[in-house]
Amino acid sequence: QIQLAESGGGLVQPGGSLRLSCETSGFTSDTYAIGWFRTVPGQDRERISCISSSGRNIDYADSVKARFTVSRDSAKNTVHLQMNSLKPEDTGTYYCAYANYWCTTYMDYWGKGTLVVVSS
């Protein structure tokens with residue numbers, strides 16, 4: 001069974017950094033993608049980033065480009081999201097999710113999320 005678990009959220013001041021991690025298990029396919037999504041009450045869910053199983057294909061939302069970096073640690077079956085220069089508008093619950101081939105709006109499996117609060 002495919003499982004994902006996020007960690008690393010917390011409270012950080014504007015301009016600060018956090019690194020989120022997504023531990024994964026149960027994958028049976030070699031071709032998949034892991035996406036990071038952000039939800040804020042009253043707003044549509046936003047896809048922050050997507051990384052392919054090979055690591056060769058990566059994309060970012062315009063709102064986080066040049067500030068966030070996604071990476072894979074294959075040995076640990078973990079995907080990280082390094083978030084720098086955080087802004088109050090980055091506040092939200094961050095989820096990682098799994099899909100075959102590439103990220104879509106309807107991912108196949110989701111973690112439970114980790115809360116990020118950017119505030120002074």
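Which residues does Leu86 touch, not counting residues up to four places away in sequence? In this predicted model, Leu86 touches Val12, Pro14, Gly15, Gly16, Ser17, Leu18, Arg67, Phe68 and Val118. Leu86 sits in the loop between β8 and β9. Its relative accessibility is 2%, and because buried means under 20%, Leu86 counts as buried. One of its contacts, Phe68, is 18 residues away from Leu86 in sequence, and the C-alpha atoms of the two are 8.9 Å apart in space.

**Strand β8 and its partners**

The loop that holds Leu86 follows strand β8, which covers residues 78-83. Five of the six residues of β8 are buried, so the strand is largely enclosed by the rest of the structure. Strand β8 pairs with both β3 and β7, as the table sets out.

| Partner of β8 | Residues of partner | Direction | Bridges | Opposite residues |
|---|---|---|---|---|
| β3 | 18-25 | antiparallel | six | Ser21 and His80 |
| β7 | 68-73 | antiparallel | six | Asp73 and Thr78 |

Strands β7 and β8 form a hairpin with four residues between the strands. In this hairpin, Asn77 takes a positive phi near 50°.

**The nonpolar cores**

In soluble globular proteins, nonpolar side chains tend to be buried together. The largest nonpolar core here has 24 residues. Those that touch the most other members are Ile34, Trp36, Phe68, Leu81, Met83 and Tyr94. Several strands build this core: β3, β4 (32-39), β5 (46-52), β7, β8, β9 and β11 (114-118) each supply at least two of its residues. Another core, of seven residues, lies apart from it, and its members include Ala33, Cys50, Ala97 and Cys103.

What does Ile34 contact, leaving aside its neighbours within four places in sequence? The residues in contact with Ile34 are Leu4, Cys22, Thr24, Phe27, Ser49, Cys50, Ile51, Val79, Cys96, Ala97, Tyr98 and Cys103. Among them are Cys50, Ala97 and Cys103, which belong to the core of seven residues.

**Thr93 in strand β9**

Strand β9 spans residues 92-100, and Thr93 lies in it. Is Thr93 buried or exposed? Thr93 counts as buried, because its relative accessibility is 19% and the limit for a buried residue is under 20%. With neighbours within four places in sequence left aside, Thr93 is in contact with Phe37, Arg38, Thr39, Gly113, Thr114 and Leu115.

Technical notes
Residues numbered from 1 in each chain as written. Predicted model: local features only at pLDDT ≥ 70, side-chain atom pairs only at ≥ 80, totals over all residues. Heavy atoms only, no water. Buried < 20%, exposed > 50% of the residue type's maximum accessible area, 1.4 Å probe, protein only. Contact = heavy atoms within 4.5 Å. Pairing = 2+ DSSP bridges. Core = buried A, V, L, I, M, F, W, Y, C linked by side-chain atoms within 4.5 Å.
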